[in-house]
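This briefing covers the sheets, cysteines, open and closed spaces, and one loop lysine of the structure shown below. Please keep the structure in view while reading.

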Amino acid sequence: MKIITNIHDLRNHLRGQNRASFVPTMGNLHEGHLSLMRIARQNGDPVVASIFVNRLQFGPKDDFDKYPRTMESDIAQLEKEGVYILFAPSEDELYPEPQDYSVDPPQNLGDILEGEFRPGFFKGVCTVVLKLFSCVQPSVAVFGKKDYQQLMIIRRMCHQFALPVKIIPAETIRAKDGLALSSRNGYLSSNEREEAPRLYRTLQEAKSIILNSKNMTLECIHKAEQQAMSELTQRGWAPDYLSARLQSTLLPPTQEDLEQNAKLVILTASKLGKTRLIDNLEIE
């Protein structure tokens with residue numbers, strides 16, 4: 001595996017490669033990330049991964065400096081997965097001057113759910129992803145469905161800017177007890193780790209309530225949402241949101257949508273102790 005830290009060398013190594021597949025990460029890799037590398041290898045060649053902790057997507061209450069950096073371990077894992085290039089730029093390389101130009105997703109997608117509780121987050125994500133796409137110039141890029149809203153925003157950004165990058169969604173990888181794999185899981189205490197799978201079980205219960213109702217109504221959905229939020233709160237969680245939305249837009253469904261059997265997804269973000277976990281579950 002070639003480890004490249006500057007844009008000029010990256011472009012030289014990829015010159016003439018028109019089938020590159022790309023997986024952008026912030027490092028601290030786990031099996032979920034590695035599954036993305038395998039999907040990338042199935043859809044293009046060579047496989048390029050990036051590790052860059054993007055300051056632009058951190059809010060004022062987020063601790064950028066404390067984000068775990070595990071480069072030595074990350075390199076070893078990527079080598080085992082047969083990644084051809086690891087692009088690991090410094091901040092000075094990727095942002096040699098203040099990033100005055102940025103990509104701001106539309107309010108009806110970027111300022112809801114995660115965007116409501118993390119203002120500016122998706123602006124930072126879109127800006128760095130667009131810049132990384134410019135550096136790597138891949139034909140495909142792989143993003144996990146655990147970050148459901150992010151996946152949709154990146155896909156729409158590529159569409160609106162006519163970027164020649166196919167976005168491939170990857171299913172969420174879970175531990176045996178159902179907890180979605182995440183770098184944030186490492187912040188959980190042993191007791192919190194035992195409790196953490198409840199988040200996914202709560203989504204499953206909400207899905208069951210919705211699907212088992214005699215008639216799909218907004219009242220039924222609201223009941224499922226409220227019951228799920230209440231259960232989490234009673235178990236010591238502090239949920240930011242738990243909401244059933246349209247898969248196509250992430251907007252709340254109307255009764256007409258339900259009557260037309262529109263596909264839904266339940267999304268949630270909740271704090272367990274000091275750790276904020278996100279998850280989602282599609283309803284088909």
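Contact here means heavy atoms within 4.5 Å. The model is predicted. Its strands are described below in two open sheets, one of 6 strands with parallel pairing and one of 3 strands with antiparallel pairing. A search of the whole structure finds 0 disulfides.

**The parallel sheet**

- The strand order in the open sheet of 6 is E1-E4-E3-E2-E5-E6.
- The edges are strand E1 (2–4) and strand E6 (166–170); each has a single partner strand, so one side of each has no neighbour in the sheet.
- On average, neighbouring strands of this sheet are turned by 25 degrees against each other, direction ignored.
- Strand E2 (residues 21–25) and strand E3 (residues 47–51) run parallel and are joined by 5 bridges. One residue pair can be named: Ser 21 has Val 47 in E3 as its bridge partner.
- Helix H2 (residues 31–43) lies across E2, E3, strand E5 (140–144) and E6, and runs at about 165 degrees to E2.
- Helix H8 also packs on the sheet, where it touches E5 and E6. The direction of H8 makes about 165 degrees with that of E6.

**The antiparallel sheet**

- The order of the 3 strands in this open sheet is E7-E8-E9.
- Strand E7 (238–246) and strand E9 (275–283) are the edge strands; each has a single partner strand, so one side of each is left without a neighbour in the sheet.
- Neighbouring strands are turned by 10 degrees against each other on average, direction ignored.
- Strand E8 (residues 264–272) runs antiparallel to E9, and 9 bridges join the two. Leu 272 stands opposite Thr 275 in E9, and Leu 264 has Ile 283 in E9 as its bridge partner.
- E8 and E9 form a hairpin with 2 residues between them. Gly 273 in the turn has a positive phi of about 65 degrees.
- Although E9 stands at an edge of the sheet, 8 of its 9 residues are buried, so E9 is largely enclosed by the rest of the structure.
- Helix H11 (residues 218–234) packs on this sheet and touches E7 and E8. Its direction makes about 160 degrees with that of E7.

**Cysteines**

- Why is Cys 126 not bonded to the closest cysteine sulfur? The sulfur of Cys 126 is 9.1 Å from that of Cys 158, which is too far for a bond; a disulfide would need the two sulfur atoms within 2.5 Å.
- Cys 158 is likewise in no disulfide, and its nearest cysteine sulfur is that of Cys 126.
- Cys 126 has a relative accessibility of 1% and therefore counts as buried. Cys 158 is buried too, with a relative accessible area of 4%.

**Second largest pocket**

- This pocket has a volume of about 210 Å³.
- Its lining has 13 residues, of which Pro 105, Pro 106, Arg 156, Met 157 and Gln 160 lie nearest the centre.
- Helix H5 (107–110) and helix H8 (148–160) each supply at least two residues of the lining. H8 gives the largest share, 5 residues.

**Cavity**

- How many cavities of 30 Å³ or more does the structure hold? There is 1.
- The largest cavity has a volume of about 40 Å³.
- Its lining is made by Thr 202, Glu 205, Ala 206, Ile 209, Ala 224, Gln 227, Ala 228 and Glu 231.
- Helix H10 (198–212) and H11 are the elements that give two or more residues to this lining.

**Lys 145**

- Lys 145 is in the loop between E5 and H8.
- Is Lys 145 buried or exposed? Its relative accessibility is 13%, so Lys 145 counts as buried; the cut-off for buried is under 20%.
- Leaving aside neighbours within four places in sequence, Lys 145 is in contact with Leu 151, Pro 169, Ala 170, Glu 171, Thr 172, Asn 280 and Glu 282.

Key: Residues are numbered from 1 along each chain as its sequence is written. This is a predicted model: local features need pLDDT of at least 70, side-chain atom pairs count only at pLDDT 80 or more; totals for chains, interfaces and linings use all residues. Side-chain values use heavy atoms; hydrogens and water are left out. Two strands pair if DSSP finds at least two bridges between them. Helices (H or I, at least four residues) and strands (E, at least two) are DSSP runs, numbered from the N terminus. Axes are lines fitted to C-alpha atoms, for helices over the stretch in contact, and angles run from 0 to 180 degrees between N-to-C directions. Buried means under 20% relative accessible area, exposed over 50%, partly exposed in between (1.4 Å probe, protein chains only). On a 1 Å grid over the protein atoms alone, a cavity is a set of points where a 1.4 Å probe fits but cannot get out, and a pocket is an open set with protein on both sides within 12 Å along at least five of seven lines; lining residues have an atom within 4 Å of a point. Grid points are joined across faces, edges and corners, and a volume is the space filled by probe spheres set on the points.
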